[in-house]
Amino acid sequence: MTILVRARWFSLFVLLSLVAAGCGLQGDDGGGSGADFEPPSKTEFLVHTGPGGGSDIFVRDLISIMRTEDVISSNWPVRNEEAGEGAGAMNYLMGKSGESDTISAITTTWVTTPLTIEEAGDVTLEDLTAIAGLIVEPEVMAVAEDSPYQSITDFIEDAKKQPGKLIQTGGSTTEVGALNGALLQAESGTEWKFLSFEEVGQRVAALLNRDADMMFGSAQDFAAHVEAGKLRIIASISPDPSPVFPDAPTVQDEGFDVELVPQVRGIVGPPDMSDEAIQYYEDIFEQTLGTPSWEEYAEKNGLVTQLRLGDEWEAFLAEKHDTVEQALETAEL
Amino acid sequence: MKLTVRKVDMGIGVVVALFGVFSLSRALKLDFYDEGVPGPGFFPSGLAMLLIVGGLALTVSRFVKPDSESEDFDLPSRFQARRSLGVWIALLATVALVNAIGFILAMVLLVAMVLLGIERRRGPAAIATIILIPLLVYLLFATLLQVPLPTGFGGG
Amino acid sequence: MVDALQGLTDGFAAALTPTNLFWALFGVTAGTMVGVLPGLGPPATIAILLPLSINLEPATGLIMMAGIYYGAKYGGSTTSILLNIPGEDASVVTAFDGYQMARQGRAGPALGIAAIGSFVAGTVGLVGLTFLAPAVAALAIIFGPPEYAGLMVLGLSLVLMLAGSSLLKAMMSAAFGFLLSTIGLDLFSGTTRFTMGQIELTNGIEFVALSIGLFAIGEVMMNVEEETGRQLFKVPKRLKELFPSRKDVKDSAAAIGQGSVLGFFVGALPGAGSTVASFISYTVAKRFAKHPEEFGKGAIQGVAAPESANNSATAGAMVPLLTLGIPGSASTAMMLGALFLYGLQPGPLFFRDNPDVVWPIIASMYIGNVILVLLNLPLVPLFASVLRIPYHILYPGIVVISVVGVYSIRNSMFDVWMLVVFGLLGYLMRKTDFPTAPLVLAFVLGPLFERAVRRSLILSAGSPTIFLTRPWSLAFLTITVVLLVSPLVLRNKIPTDVIEVEA
């Protein structure tokens with residue numbers, strides 16, 4: 001009896017999974033050569049993190065929204081190419097030159113990686129096809145609730161009194177928060193230390209237990225703790241104020257004249273993608289960003305929608321490339 | 001000359017120490033200290049030195065013991081080595097082919113090399129195994145779990 | 001306490017609806033399956049099923065995801081025990097003794113004790129999650145870099161206890177494993193180490209590729225040396241011998257107990273997780289065993305301890321997720337991503353503001369644990385009978401599934417090459433009597449230790465006294481010293497394999 005029941009559950013699971021998988025295999029044909037463009041039945045969505053990483057979760061959420069709003073008719077498979085902070089994913093795209101059934105989500109990391117990781121070789125973002133910029137994630141500056149700092153100026157003044165003593169926490173030394181920290185140190189002529197953690201959670205924990213004095217991160221990283229009164233937001237570390245913390249003064253408001261690196265998310269395709277394919281994807285993302293589901297998602301998670309299509313997106317990336325390059329020079333990396 | 005565990009260990013000690021020297025030469029290129037705290041080279045250098053010391057200690061500790069106290073090293077016979085290394089070489093060869101001929105064919109080839117070449121099995125049971133193992137694994141991973149296994153022939 | 005009971009009662013009422021029960025069942029079944037298959041782990045499975053769950057209620061979706069997460073820990077032991085293929089990170093340790101038990105014809109008791117231990121520990125962990133969540137969350141925050149460093153010193157010193165016949169060889173093996181773990185991008189400096197220009201190596205060597213190579217492939221190469229007749233090891237036919245005996249359960253009780261408690265606390269620490277929990281629990285079991293010399297040779301406690309620990313660690317990992325919004329692993333990060341998609345923001349107020357989401361999840365985990373043990377125990381004879389397959393058919397299967405399993409982790413042929421390389425290394429290490437356990441232990445704990453030390457010294461501007469001034473760190477260091485010195489003081493308690501120090 002039990003065995004029978006079990007077998008039935010099991011086959012039910014198998015069946016459901018097959019349905020969920022939407023018949024499994026992806027189409028092989030992906031030649032996107034000009035005139036007779038056929039939208040691919042399924043687009044492979046590439047990300048540069050493993051399952052559970054920032055870009056991975058963003059893309060899976062995005063696909064869910066596109067499905068819910070019927071912008072696409074089947075679930076696009078996500079492919080994780082984790083090697084080398086985006087370098088592996090760039091190489092994978094280079095190998096898909098001219099094809100139209102693979103696109104990739106990018107972040108500011110894709111701008112930084114070719115400049116910092118030797119193993120990446122000479123691949124750059126310029127070689128790829130710019131499709132659409134979707135959002136910027138405004139970074140804010142958080143301190144513990146009982147911290148003496150009421151503004152970024154307070155923090156920087158204190159750092160001047162004891163150079164090299166205060167601690168900023170964040171991810172790797174080349175991620176956006178670290179670069180902006182370096183830019184601010186150069187601008188204000190002082191120094192503080194940087195404490196790296198792989199996981200956002202560990203960074204927040206370091207802030208909560210007072211090991212670190214402050215952190216730059218997204219609204220999502222802090223919102224729940226701010227609501228609980230454990231953390232305070234004292235500045236906005238990007239030109240676009242965070243919709244979740246609109247009252248936080250920007251760095252410019254506080255009188256620091258410095259161009260900071262934004263955390264952006266957008267879409268690129270393999271080199272030499274056909275114009276029809278580019279148009280096809282531009283339409284999809286333009287449509288998605290106009291849906292109620294997207295608006296709700298962006299609002300709840302403190303994302304600022306900034307749609308940039310094709311050339312405009314390419315120009316934006318080129319501009320950010322220069323900002324990042326400058327920041328890296330400042331940080332001596 | 002008889003091959004004893006003692007002699008083998010002495011040899012391994014030297015190999016490990018040499019590997020340690022190689023690692024150390026690489027590790028020293030990384031910053032040992034970085035602004036007063038351990039840098040990227042700190043731990044690798046320490047570990048490489050530990051390997052050098054360990055390797056030398058192994059060699060020396062075996063060297064001072066007389067050979068007569070040591071057991072014979074259980075060197076695989078030619079027959080054994082042909083089987084164990086045969087499996088490994090079959091694995092090596094087919095893995096090299098996966099991208100070119102795709103996963104299913106490569107794995108069929110692997111099982112065939114093992115069953116026909118090493119195990120010398122013949123008959124319908126062997127043939128069935130050769131086909132069924134890769135097929136079952138493919139169904140599990142590629143179809144059910146949606147792992148994009150290489151299909152070969154430029155198909156990605 | 002009363003609030004928790006009330007919440008749990010409401011949670012059970014919600015979790016026991018047909019819909020929620022169905023998705024709990026679906027989750028744990030999928031989890032068991034993914035756990036059994038090597039490679040592809042729970043985070044990837046949760047990711048595959050995310051589109052499906054988005055149409056469900058938040059509580060229901062999370063019930064399914066949690067089911068996959070802890071269900072996988074049940075399944076993970078299966079291939080470790082039967083085939084020496086660690087199904088995922090957290091079941092690598094299980095292979096040490098589980099596989100040896102299978103060789104001795106005790107696959108059934110090994111699988112059985114894994115299921116029983118998982119059930120007990122899973123439930124103990126859930127009791128902890130139900131009643132201690134706020135206190136443990138506070139602990140998770142106190143745990144800064146010096147505390148991790150102390151814990152890792154304790155963990156790494158246990159290498160001495162994993163030593164086989166030669167302490168020197170064990171230490172060399174550990175140093176090599178630690179060195180391998182430093183390959184890749186260094187978080188602190190942004191530079192890469194020992195990558196030889198390979199992009200694939202910037203993310204380091206994949207742990208599962210390394211351990212499947214060392215264990216599964218290395219073992220196959222050893223076994224095939226002798227012409228493989230029928231089956232490699234005997235499998236008892238009598239049903240009674242397929243399950244743990246009363247004595248087995250009694251012998252394992254202490255290991256299950258400590259595994260349950262240790263696993264919960266270590267699992268609750270962000271950045272440590274179930275793999276570390278399983279290693280620490282295994283070595284603690286060995287350290288306090290009546291017959292430590294049996295470890296590595298088929299001691300049932302060597303299966304019970306890590307399997308208990310990795311299961312209660314899943315309940316532990318839910319603590320920082322639900323009380324702080326801090327995920328401690330990729331699986332819980334996927335769940336956090338799903339919560340964001342539902343428009344929920346877990347954090348310190350999550351229990352208060354969203355009891356309708358939190359409590360059904362916790363209640364469903366109690367139910368899921370019962371389902372899992374009912375599902376897994378009857379499967380024991382079935383799985384054990386895999387070993388009846390003639391070895392000449394079984395081992396090509398082991399090799400093929402290892403290749404695909406390793407590939408599936410991150411779609412990487414490079415990882416498969418690593419599998420091939422470490423397969424040969426595993427064979428050579430077996431031939432020359434080098435223990436592989438210290439290598440994998442150091443590979444897992446080493447990076448945590450290195451980063452914790454470097455972070456601590458950044459905090460203290462280079463002064464090592466930070467390890468002595470922080471109470472938890474000092475406590476761990478003290479325990480380490482006591483554990484190392486006590487065998488020398490208590491002469492009669494010296495494990496035979498530790499005294500045999502090289503001349």
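This passage describes one internal cavity and one domain interface in a predicted model.

A search for enclosed space finds eight cavities of 30 Å³ or more in the structure. The second largest of these has a volume of about 170 Å³. Its lining is made up of 20 residues, and those nearest the cavity centre are Phe197(A), Gln202(A), Phe143(C), Tyr148(C) and Arg455(C). Four elements give two or more residues each to this lining: from chain A, helix 7 (200–208), and from chain C, helix 6 (107–142), helix 7 (145–157) and helix 19 (437–459). Of the contributors, helix 19 of chain C gives the most, with five residues. Sorted by class, the residues around the second largest cavity comprise 12 nonpolar, four polar and four charged ones.

Turning to chain A by itself, the domain assignment divides the chain into domain 1, built from two segments (42–136 + 262–330), and domain 2 (139–236). The C-alpha centres of these two domains of chain A are 27 Å apart. Their contact draws 11 residues from domain 1 and eight residues from domain 2.

The size of an interface is often expressed as the accessible area lost when the parts come together. For domain 1 and domain 2 of chain A, about 820 Å² is buried between them, with 72% of it on carbon and sulfur atoms. On the domain 1 side, the residues losing the most area to domain 2 are Asn301(A), Ala327(A) and Thr330(A), which together account for 45% of what that side buries. As for charge pairing, zero salt bridges are found across this interface of chain A.

Note on methods: Residues numbered from 1 in each chain as written. Chains lettered and ligands numbered in written order. Predicted model: local features only at pLDDT ≥ 70, side-chain atom pairs only at ≥ 80, totals over all residues. Heavy atoms only, no water. 1 Å grid on protein atoms, 1.4 Å probe; cavity = no way out; pocket = protein on both sides within 12 Å on 5 of 7 lines; lining within 4 Å. Points joined across faces, edges and corners; volume = space filled by probe spheres on them. Nonpolar A, V, L, I, M, F, W, Y, C, P; charged D, E, K, R; others polar. Domains from an automatic or database assignment. Contact = heavy atoms within 4.5 Å. Buried area = accessible area lost by both parts, 1.4 Å probe. Salt bridge = Lys/Arg side-chain N within 4 Å of Asp/Glu carboxyl O.
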